[in-house]
Amino acid sequence: MKYDDWKLASPPENDMVSPCCGDDYSRKRMGGEYFCDKCKDSFDEPEEESEYNERMRENAMEERAEAKRKYNE
């Protein structure tokens with residue numbers, strides 16, 4: 001694909017990721033479980049990448065706040 005074609009192309013439609021680590025996933029059984037391709041964990045539903053990133057950001061902020069509270073004790 002030429003650079004100009006790539007630059008003008010729309011973003012991929014599937015922005016769903018596994019909720020465990022944000023990697024790609026596979027569906028092993030129709031209507032059944034999903035499995036993370038990276039860590040092989042199973043889960044019920046994939047998550048939008050933006051939601052996964054927001055959740056990870058919030059978790060990091062909570063961990064920093066907790067560490068700061070422990071340090072100030």
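C20 is partly exposed in this predicted model, because its relative accessible area of 34% falls between the buried and exposed classes. That makes C20 a handy place to start, since its partner in the next step is another cysteine.

**The cysteine pair**

The sulfur of C20 sits 3.3 Å from the closest cysteine sulfur, which belongs to C39. A disulfide needs the two sulfur atoms within 2.5 Å, so the C20 sulfur is too far away for a bond. Looked at from the other side, C39 is in no disulfide either, with the sulfur of C20 as its nearest cysteine sulfur at 3.3 Å. The count for the structure is accordingly 0 disulfides. As for cover, C39 is partly exposed, at a relative accessible area of 33%.

Here are the partly exposed residues discussed in this report:

| Residue | Relative accessible area | Class |
|---|---|---|
| C20 | 34% | partly exposed |
| C39 | 33% | partly exposed |
| E51 | 45% | partly exposed |

**The acidic patch**

Which residues gather in a patch of negative charge on the surface? They are D15, E48, E49 and E51. Take E51: this residue lies in helix α2, which covers residues 49-72. With 45% relative accessibility, E51 counts as partly exposed.

**The overall layout**

Stepping back, the protein has 2 helices and 5 strands. Read from the N terminus, the order of elements is α-β-β-β-β-β-α. How much of the protein counts as buried? The share is 11% of its 73 residues.

Note on methods:
Residues are numbered from 1 along each chain as its sequence is written. This is a predicted model: local features need pLDDT of at least 70, side-chain atom pairs count only at pLDDT 80 or more; totals for chains, interfaces and linings use all residues. Side-chain values use heavy atoms; hydrogens and water are left out. Patches are made of residues with over 30% relative accessible area and no salt bridge: like charges are joined within 9 Å, nonpolar side chains (Val, Leu, Ile, Met, Phe, Trp, Tyr) within 5 Å. Accessible areas come from the Shrake-Rupley method with a 1.4 Å probe; for residues, only the protein chains shown count as cover. A salt bridge is a side-chain nitrogen of Lys or Arg within 4 Å of a carboxyl oxygen of Asp or Glu. Lys and Arg count as positive and Asp and Glu as negative; His and the chain ends are not counted. The place of a charge is taken as NZ of Lys, CZ of Arg, CG of Asp or CD of Glu. Helices (H or I, at least four residues) and strands (E, at least two) are DSSP runs, numbered from the N terminus. Buried means under 20% relative accessible area, exposed over 50%, partly exposed in between (1.4 Å probe, protein chains only).
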